[in-house]
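Please work through the following exercises with the sequence and the model open side by side. Each task is followed by a solution in steps.

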Amino acid sequence: MSDEYIKIGDDYQDRPAVFELVVYDHVPFVDPRNYGLTAADYLERCIDPARYYVTSGDAVEKTKVLEKDIWNLAGDLRKLSYVMIEKELKCSSAQAQKKFREGIRPSKPKRFSEYESDVWKAAGAARKLLNALIKARGEDCFLETEWDSHKLLCIPKNPRSQK
């Protein structure tokens with residue numbers, strides 16, 4: 001195979017037979033350790049987007065699972081923010097949610113709010129990646145992932161097409 005491929009998300013005139021996917025160009029790895037969050041709860045729920053593409057399979061389906069997992073993590077972090085605000089301000093759950101909407105964020109752990117915000121951004125980035133993969137797949141049934149010389153390739157395939 002060639003060393004140069006059009007990357008997923010790049011513009012192209014004629015649809016290539018093979019695309020290259022650089023996962024971190026689309027969805028960042030939001031590592032809680034980079035925010036000083038080292039508690040086991042944060043590290044257990046840490047989502048590394050590249051791990052979703054280790055084996056071959058349909059890139060679109062893998063990205064749907066990745067997106068769902070990141071949205072679930074973002075939602076759980078939001079609920080945790082409410083609980084933290086509730087404890088810090090000694091208020092009810094409803095009041096904590098109202099305070100959150102007013103811009104109040106948990107003060108401890110120190111960079112938790114920044115981490116939560118970046119997870120929400122990663123979830124949005126996963127949706128954009130999904131849209132780019134669907135565009136690259138075109139009318140084919142699958143966008144098969146395959147590794148070649150440390151590059152993740154995406155190959156549109158239609159097993160029922162006449163060759």
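The exercises below concern a predicted model and treat its sheet, a helix, the nonpolar cores and the cysteines in turn.

**Exercise 1. Determine the strand order of the sheet and identify its edge strands.**

Solution. Step 1: the open sheet is formed by 4 strands, in the order β1-β2-β4-β3, with mixed pairing. Step 2: β1 (6–7) and β3 (142–148) each pair on one side only and are the edge strands. Step 3: β1 pairs with β2 (residues 19–20) in the parallel sense, over 2 bridges. Ile6 stands opposite Phe19 in β2. Step 4: helix α5 packs on the sheet and touches β2, β3 and β4, its direction making about 100 degrees with that of β3.

**Exercise 2. Test whether the end-to-end distance of helix α5 agrees with its number of residues.**

Solution. Step 1: α5 covers residues 112–137, which is 26 residues. Step 2: the expected span is 1.5 Å times one less than the number of residues, which gives 38 Å for α5. Step 3: the end C-alpha atoms are 37 Å apart, in agreement with that value. Step 4: after the helix comes Gly138, with a positive phi near 65 degrees.

**Exercise 3. Describe the nonpolar cores and the elements that supply the largest one.**

Solution. Step 1: the largest nonpolar core has 34 residues, and Ile8, Leu21, Ile70, Tyr115 and Leu133 have the most contacts inside it. Step 2: α3 (59–89), α5 and β4 (151–157) each give two or more residues to this core. Step 3: α5 provides the largest share, 12 residues. Step 4: a second, separate core has 5 residues, among them Tyr82, Ile85, Cys91 and Phe100. Step 5: beyond its neighbours within four places in sequence, Ile8 is in contact with residues that include Phe19, Leu21, Leu129, Leu133 and Cys154.

**Exercise 4. Is Ser81 buried or exposed, and which residues does it contact?**

Solution. Step 1: Ser81 lies in helix α3. Step 2: because its relative accessible area is 0%, under the 20% limit, Ser81 is buried. Step 3: leaving aside neighbours within four places in sequence, its contacts are Phe100, Pro106, Phe112 and Glu116.

**Exercise 5. Explain why Cys154 forms no disulfide.**

Solution. Step 1: a disulfide is a covalent bond between the sulfur atoms of two cysteines. Step 2: the cut-off applied to the sulfur pair is 2.5 Å. Step 3: the closest cysteine sulfur to that of Cys154 belongs to Cys141 and is 16 Å away, so the pair is too far apart for a bond. Step 4: a search of the whole structure finds 0 disulfides. Step 5: Cys154 counts as buried, with 0% relative accessibility.

Definitions and conventions. Residues numbered from 1 in each chain as written. Predicted model: local features only at pLDDT ≥ 70, side-chain atom pairs only at ≥ 80, totals over all residues. Heavy atoms only, no water. Buried < 20%, exposed > 50% of the residue type's maximum accessible area, 1.4 Å probe, protein only. Core = buried A, V, L, I, M, F, W, Y, C linked by side-chain atoms within 4.5 Å. Contact = heavy atoms within 4.5 Å. Pairing = 2+ DSSP bridges. Axes fitted to C-alpha atoms, helices over the stretch in contact; angles between N-to-C directions.
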